[in-house]
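Trainee: I would like to go through this structure and ask why each label is used.
Mentor: Go ahead, and we will set each value against its cut-off.

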Amino acid sequence: MTMNRPPFRQILILCLSLLPLVTTAQSGFKLIAPRDGMTLPNNMPVLSWQKVDASETEIWIDGIKMGSVPSGQHSYVPFPLSFGKHIWHVIAVTQTGRLESDTRSFTVEDKPLSDVPEGALLIRSGWKVKSSVETGLDGKKLSESGVDTKNWAATSLPATVLTALVRNGVYPNPYIGMNNLQIPDMNEEFNAENGLLKYSHLPGKNPWLQPYWYRNEVEIPATLTGKHIWLNVGELNYKAQIWLNGTLIADTAEVIGMERHFRFDVTSVVKKGSKNVLAVAIYPPNNPGKPAPDPVTPLADPGTNMADGVIGRDYTKWDVMGWDWQPSIRDRDMGITEDVWLSVTDDVELQNLYVTSKLFLPDTSRAEFTVSADLVNHSAKEQTGILQLSIQNEDGLITVEEPYQIAANSTREVIWDAKKVAKLAIFNAKLWWPAGYGKQNLYDVSVSARTGSVVTASVKTMAGIRQVETYIGAKERVYKINGREIYLKGGNWVIDMLLNWTASRYEKEILLTKNANLNILRVWGPTGVAPKPFYEAADKHGVLIWQDFLNDFWGTFKNTPGYQPEISLFEKATTGIVKKYRSHPSLIIWCGGNEGPNPREELIVNSILKKHDSRQFRHYLKQSDGDGLHGGGPYHTLEPKDYFSHRKLSGFSSEIGPSGIPVFESIEKFIPDYGKTWMPGRFPLDGVWAYHDANDWPGSDTRKFSSYDNIVRGYYGAPDSTNVKAGFQDYIAKSQLVNYDVYRSSIESINRQLWTNSSGILLWKGNSSWPSITWQVYDWYLQSHAGYYGTKKAAGLLNVQLNRDDQTVSFLNLLNRNLDGVTLSATLYNQELKPIWSDKKEVTSASNTVMVSGITVPKSKSVEFLKLTATDKTGQLLADNFYWLNETNEFSDLNKLTDPKLAVTAKILSEAGKLKVTVKVSNTGSTLAFMTALKVVGKASGEELLPSLWSDNYLNLLPGESKTLTVEIAAEDVTETPVLTVKPFGSVKALTVELGSK
């Protein structure tokens with residue numbers, strides 16, 4: 001992939017537009033999706049166009065060539081785009097010339113990542129970025145009128161420097177292929193060793209060592225009224241000098257460190273009703289470190305995680321140094337990484353609203369609220385007025401009023417509790433529960449200050465009534481919410497490697513987690529904290545959050561002296577995080593250290609948490625692999641039966657990681673030139689796969705992708721490399737069989753031991769920070785693979801399962817009620833689908849338990865199929881499961897399955913805010929419908945509409961069986977007319993079904 005680079009970009013665009021070989025859309029070459037003029041919250045939508053015979057197709061957005069795809073591909077996911085309107089088209093390069101499509105537009109819009117108050121002026125668009133090496137001007141000049149920014153990189157915020165430059169065609173898209181190897185690094189020695197300096201857009205110079213200027217010209221409306229005007233920066237990296245209208249507002253001694261909110265009183269500097277010039281110099285981290293060598297050969301060693309660890313001396317996101325699931329980030333994510341806005345206040349302000357609740361267990365109907373806030377007087381005289389507290393839900397409104405008096409230039413905490421205000425005792429409490437255990441009831445809580453009838457200040461939040469308890473059982477730590485033991489099943493979560501996700505993206509990651517029947521995410525240490533919308537979505541949808549503190553055991557290089565941020569900076573950042581997120585009911589765990597105790601635990605526990613989060617019934621976990629938990633994998637993919645006997649598959653593990661290869665449609669997006677070369681005997685594995693995390697750690701280290709690859713080949717047969725595309729697709733299809741089986745087994749192995757020898761499991765990982773081959777249940781494109789649905793099956797509130805080590809059948813009941821008269825049935829079928837063995841038991845299942853049914857399935861000497869069902873007294877299906885078995889693990893006969901005969905109907909149930917479709921699939925033939933994948937795709941493009949939340953997928957239907965499913969897709973993600981496709985394993989072509997109307 002080649003990119004155009006300034007300063008010649010404008011000339012090159014003009015030349016290309018005049019080329020005589022370019023023809024227009026008169027040939028009928030049309031764009032397909034998104035529909036013209038759509039507004040999307042997704043800043044990386046799938047762009048698609050009509051198929052055309054071309055050697056490659058170039059994608060042009062806003063006059064910049066953003067990338068290209070090879071012959072046969074007719075869709076592209078762009079590098080995350082700026083907010084605002086975008087004009088795009090594509091050019092097909094043919095043997096006879098360049099064929100140009102029609103032109104369309106779409107707009108990217110979404111809410112801020114930061115907690116921007118109502119009435120504030122969000123400064124999102126219109127930013128220009130340029131290296132200080134090129135500007136030749138200081139902050140005073142740059143923050144005044146008359147600066148020519150025509151050749152600066154245009155961007156919206158948030159944006160790292162590298163993001164801004166990629167958006168402007170200066171560097172190639174680092175998410176795709178090995179493009180990251182065409183971008184120079186911040187480390188000089190690394191550049192020299194890898195020949196990267198030749199790619200610098202500053203000829204002969206490292207582009208990241210000097211600061212970058214972010215500049216914007218802002219019209220401040222006269223309607224932005226208040227006694228104080230504040231300039232807010234939600235987050236930046238790593239330090240900054242801030243200028244406004246020729247005046248220095250703050251310098252690098254004050255503005256330093258990530259995950260901090262900076263705010264400055266600019267009342268005397270702003271010009272209302274006219275143009276204001278803001279210039280921010282962003283400086284790189286003090287200790288950027290040297291990355292480990294890149295894995296660029298098949299199954300290569302990924303190198304030391306976090307490289308030399310030097311970056312741990314700075315308070316920044318340490319995963320930018322690279323891990324075995326992400327490459328090093330060339331500019332270390334330097335930039336303005338959240339929002340910038342202007343807010344206004346009166347002399348009196350309210351800050352740091354903190355809402356907690358207390359239950360009187362075992363009584364869950366009675367609760368007490370405690371609410372506090374900081375009352376601030378910015379003036380030089382005493383202020384008086386009335387404070388009002390409001391708490392509201394669907395049951396009604398509680399209001400409390402009291403007078404206030406605050407001295408000049410001072411801050412004091414105001415607090416209300418049930419001892420002070422009797423009405424804060426609630427006797428019909430609506431509790432907040434994790435997903436699957438009850439509703440996520442939330443209360444609107446606000447505090448306002450007024451003088452007379454005029455409200456001069458207000459703060460608000462959403463709060464939930466819930467109480468966390470924990471204890472260490474015989475072999476594991478157990479967590480209780482509202483008095484009930486909760487089986488925690490979830491994944492580790494990491495942030496986008498360039499911090500480019502929008503607010504809606506964070507919510508969709510939460511929704512995908514919930515849909516997989518997972519109820520907790522651990523925000524993993526060196527990835528830092530997520531923006532506010534992530535936690536708000538977790539509150540709304542009932543996904544529990546475990547938040548690591550950044551200054552953890554790994555990040556400080558196993559607590560090596562000197563590998564820590566300066567303590568006062570650490571304290572400021574950590575205090576800010578605690579105060580920012582402490583009111584979220586979803587946040588139940590603060591964890592001191594990733595794989596070891598935090599070297600500053602005393603400060604965290606006895607100072608920061610004691611002072612700022614002492615009343616919330618939240619657990620402080622000393623370390624992720626101790627204090628009642630364990631970690632350390634296994635990270636390689638085990639054979640399904642081995643999950644039931646591995647010594648670490650018990651208790652409560654914080655990190656267990658099958659590989660989770662994406663589907664073909666995803667891999668094609670980030671490895672578009674697949675199949676050019678491959679490792680002998682390991683088709684299609686090559687260096688690009690290794691760069692995207694298909695690695696083997698050396699020696700006895702078990703973290704080896706080859707373990708996964710061996711299962712694919714050993715179980716299902718090696719793919720044919722003589723037909724590259726067909727062989728590639730065959731390998732990925734077989735990988736989905738492995739995905740489903742191993743993810744299901746990893747959770748079912750914990751299910752089987754519930755409360756006697758286990759209490760939870762966290763997958764390594766739930767998501768991905770970039771397009772990766774490994775460790776995910778859904779990928780960077782929000783595409784679920786088969787392992788997602790194996791996870792969903794195993795993690796359900798009800799599950800009937802085969803224990804792969806001893807062939808027994810267990811039944812899991814996580815409902816809040818006993819089930820009697822449950823019939824468990826097991827039937828074993830041969831390859832001709834004739835039943836060769838069956839058993840049935842009627843059982844009583846106690847609430848929140850797992851039981852061994854008394855059924856033991858005979859071992860299979862050849863390929864056989866096991867169908868398990870659980871039904872209630874009325875015959876209603878409670879749970880089912882389907883396994884393909886062979887004691888020798890020789891499953892090549894599955895490649896000979898004939899296409900089943902299917903009857904499929906699909907009907908639209910709702911289109912209000914989301915597309916909801918019900919689908920009925922019936923096997924009307926005499927052969928097995930095996931691992932049948934369903935997708936809602938664009939009718940014209942064939943591209944799946946993502947993310948799609950299916951009630952079940954990868955179906956297995958015996959002759960005569962039917963299953964009814966639902967799928968939900970947000971309206972903004974339905975970018976073209978949808979249809980349904982249905983494709984069993986082994987089928988060459990998918991069945992396409994129109995969606996019927998309501």
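Trainee: Which residues is T345 in contact with, leaving aside its neighbours within four places in sequence?
Mentor: T345 is in contact with G226, K227, H228, W230, R263 and H378. Keep in mind that this is a predicted model. T345 itself lies in strand β23, residues 340–345.

Trainee: What makes the link between the side chains of T345 and W230 a polar contact?
Mentor: The two side chains come to 2.9 Å. The cut-off for a pair of N or O atoms is 3.5 Å, so the value of 2.9 Å falls within the limit.

Trainee: Why is T345 called buried?
Mentor: T345 has a relative accessible area of 11%. Buried means under 20%, so T345 is buried.

Trainee: Where is S379 found, and why does S379 count as buried?
Mentor: S379 is in the loop between β25 (363–377) and β26 (383–393). Its relative accessible area is 9%, and the limit is 20%, so S379 is buried too.

Trainee: Which side chains make a polar contact with the side chain of S379?
Mentor: The side chain of N377 does, at 2.7 Å, and so does the side chain of Q383, at 3.0 Å. Both values are within 3.5 Å.

Trainee: What does S379 touch, not counting residues up to four places away in sequence?
Mentor: S379 touches D347, A408 and N409. S379 and V348 are 31 residues apart in sequence, and their C-alpha atoms are 7.7 Å apart in space.

Trainee: How many aromatic pairs does a search of the whole structure find?
Mentor: The search finds 41 aromatic pairs. One of them is formed by F670 and Y781, with 6.4 Å centre to centre and 20° between the planes.

Trainee: What makes F670 and Y781 a pair, and why is the pair called stacked?
Mentor: Ring centres must lie within 6.5 Å, and these are at 6.4 Å. Planes under 30 degrees apart count as stacked, so an angle of 20° earns that label.

Trainee: What does this pair tie together?
Mentor: F670 lies in helix α10 (residues 664–670) and Y781 in the loop between β41 (758–763) and α14 (786–794), so the pair ties together parts that are 111 residues apart in sequence.

Trainee: How do you know that F670 and Y781 are buried?
Mentor: F670 has 1% relative accessibility, and Y781 has 13%. The limit is 20%, so both count as buried.

Trainee: Why is the pair of Y674 and F728 called tilted?
Mentor: The angle between its planes is 35°. Tilted covers angles that are neither under 30 nor over 60 degrees, so 35° is tilted. The centres are 4.2 Å apart. Y674 lies in the loop between α10 and α11 (687–691), F728 in helix α13 (residues 724–751), and the two are 54 residues apart. Y674 and F728 are both buried.

Trainee: Which residues do ring pairs link into a cluster with Y674 and F728?
Mentor: F664, W689, F705, Y708 and Y731 belong to that cluster along with Y674 and F728.

Trainee: How do you know that the charged end of R366 sits over the ring of F360?
Mentor: That charged end is 3.7 Å from the ring centre. The distance limit is 6 Å, and the charge must also be within 35 degrees of the ring normal. R582 lies over the face of Y354, at 4.0 Å from the ring centre.

Trainee: Why is α14 called largely enclosed?
Mentor: Nine of the nine residues of α14 are buried, so the rest of the structure largely encloses this helix. Among them are Y788, Y789 and K792.

Trainee: What makes strand β37 largely enclosed?
Mentor: Five of the five residues of β37 (residues 544–548) are buried, so the same description applies. L544, W546 and D548 are on one side, and I545 and Q547 on the other. Four bridges join β37 to strand β36 (residues 520–523), and the two run parallel.

Trainee: Why are β45 and β48 called edge strands?
Mentor: Each pairs on one side only. Their sheet is open, with the order β45-β44-β47-β48 and antiparallel pairing.

Terms used:
Residues numbered from 1 in each chain as written. Predicted model: local features only at pLDDT ≥ 70, side-chain atom pairs only at ≥ 80, totals over all residues. Heavy atoms only, no water. Phe/Tyr/Trp six-rings, centres within 6.5 Å; stacked < 30°, edge-to-face > 60°. Buried < 20%, exposed > 50% of the residue type's maximum accessible area, 1.4 Å probe, protein only. Pairing = 2+ DSSP bridges. Contact = heavy atoms within 4.5 Å. Polar contact = N/O pair within 3.5 Å; in protein donor to acceptor, adjacent residues only side chain to side chain.
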